[in-house]
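Here is a friendly walk through one protein model, from a pocket to the cores and a hairpin. Have the viewer open as you read.

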Amino acid sequence: MRIIVPMAGMGKRMRPHTLTVPKPLIPVAGKPIVQRLVEDIAKVCGEPVQEVAFIIGRFGAEVEKSLVKIAESVGAKGTIHYQDEPLGTAHAILCAQSALTGPVVVAFADTLFKADFTLDTNVPGTIWVQKVEDPKPFGVVKLNEQGQITDFVEKPTEFVSDLAIIGIYYFQDGEYLRQELQYLLDNDIKDKGEFQLTNALENMKNKGTTFVPGRVTEWLDCGNKDATVYTNQRYLEYLQERGEPLVAESAKVTNSVLIPPVYIGEGVTITDSVVGPHVSLGSQSNVRSSVVSNSIVQQSATVLHANVTNSMIGNFATVASTPQDLSLGDYNTLRV
């Protein structure tokens, strides 16, 4: 099994947090989004993962080393592939064509999920979906009476289905997928100016490939600050339910109250403060004389005499006084 992870964009909707790192490396419940994604896919695959292929822009050596370590954390080899032009989802996947062999999972790196199924690798293809109240902003699938996918509809203006495609796909034959993606490029088949994976899926379906839905119990978006803070909240609850330890032994908590679920990283110092619920504090961060709730505070950040909620605080940032509903980037200092 191979996992293909397109993550070429820097994430403009997440600025200023993506000025120094790509969006998938922003932490949720103490780990980068892309690491959570890869670990969760590895769990539902039910078989060893040989390779994790990351499709990225030119993010630099440190980012690439971090991604390789993420692959190694699930016992796989990490490979780096570049998409230098934003030419669409099909083009992005094809940038990792050397990894398109045997069974593959394609997972776009701005989403997380909760699932209680094991992937059936005996079917030709699985499209992971989630039932949504308003399907208009999403690509959706239609099913027949046998539960097989009959149509892919992008952002339907009229109701055709409430099963939204969440951006994770399984293909039993990676070589066949590669051929269909290459066909789009060779014949300049575009949708809205880009080469789209859904066009390849439609062609494969028309040639007889059977796709079935993989229904997740929860779909968590990381597209912008508010969505990521909410995802952090739900993921902390999920980890608490699983009984995972969330507070590092090296954390120093003095005259303070922790309201679970919270993630407290290595070397964190909390003094005269209330932290939680739904807070992630990155390693070496410092919270003093403050109240922090429903927020993500990244590594080596400082929160001093502040009341912070529904916020993201970047690496090495400092917050003092009483700011609220923040989106503060790496290395910034805010004093009011």
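Which residues lie nearest the centre of the second largest pocket? They are Leu25, Pro27, Pro32, Ser66 and Gln299, out of 29 residues that line the pocket. Bear in mind as you look that this is a predicted model.

**The pocket**

The space in the second largest pocket comes to about 650 Å³. Several elements supply at least two residues each to its lining: strand 2 (27-28), strand 3 (31-32), helix 2, strand 19 (279-281) and strand 21 (291-297). Helix 2 gives the largest share, with five residues. If you care about the chemistry of the wall, the table splits the lining by residue class.

| Class of lining residue | Number of residues |
|---|---|
| Nonpolar | 13 residues |
| Polar | twelve residues |
| Charged | four residues |

**The cores**

Helix 2 (61-73) also turns up in the largest nonpolar core, as one of the elements that give two or more residues to it. This core holds 47 residues, and the members that touch the most others are Val34, Ile41, Val52, Phe54, Leu67, Phe113 and Ile168. Other contributors of two or more residues include strand 1 (2-6), strand 4 (51-56), strand 11 (163-171) and helix 6 (225-241). The largest share, seven residues, is from helix 1.

What does Phe113 contact, once its neighbours within four places in sequence are set aside? Its partners are Leu37, Asp40, Ile41, Val44, Trp128, Ile166, Ile168, Val216 and Glu218. Two of these names, Ile41 and Ile168, are also in the list of core members with the most touching partners.

Apart from the largest core lies another one, of 30 residues, and Ile127, Val129, Leu184 and Ala200 are among them.

**Helix 5 and its cover**

Ala200 is one of the buried residues of helix 5 (residues 197-206), along with Leu197, Asn199, Leu201, Met204 and Lys205. The cover over these buried residues includes helix 3 (89-94), strand 8 (125-131), strand 10, strand 11, helix 4 (174-186) and strand 12 (211-215). After helix 5 comes Gly208, which has a positive phi near 110 degrees.

**A hairpin**

Strand 10, part of that cover, has a partner of its own. Strand 9 (residues 139-143) and strand 10 (residues 149-154) run antiparallel and are joined by five bridges. Across the pair, Leu143 stands opposite Ile149. Five residues lie between the two strands of this hairpin, and Gly147 there has a positive phi near 80 degrees.

Technical notes
Residues are numbered from 1 along each chain as its sequence is written. This is a predicted model: local features need pLDDT of at least 70, side-chain atom pairs count only at pLDDT 80 or more; totals for chains, interfaces and linings use all residues. Side-chain values use heavy atoms; hydrogens and water are left out. A nonpolar core is a set of buried Ala, Val, Leu, Ile, Met, Phe, Trp, Tyr and Cys residues joined through side-chain atoms within 4.5 Å. Buried means under 20% relative accessible area, exposed over 50%, partly exposed in between (1.4 Å probe, protein chains only). Helices (H or I, at least four residues) and strands (E, at least two) are DSSP runs, numbered from the N terminus. Contact means heavy atoms within 4.5 Å. Two strands pair if DSSP finds at least two bridges between them. On a 1 Å grid over the protein atoms alone, a cavity is a set of points where a 1.4 Å probe fits but cannot get out, and a pocket is an open set with protein on both sides within 12 Å along at least five of seven lines; lining residues have an atom within 4 Å of a point. Grid points are joined across faces, edges and corners, and a volume is the space filled by probe spheres set on the points. Ala, Val, Leu, Ile, Met, Phe, Trp, Tyr, Cys and Pro count as nonpolar, Asp, Glu, Lys and Arg as charged, and the others, Gly among them, as polar.
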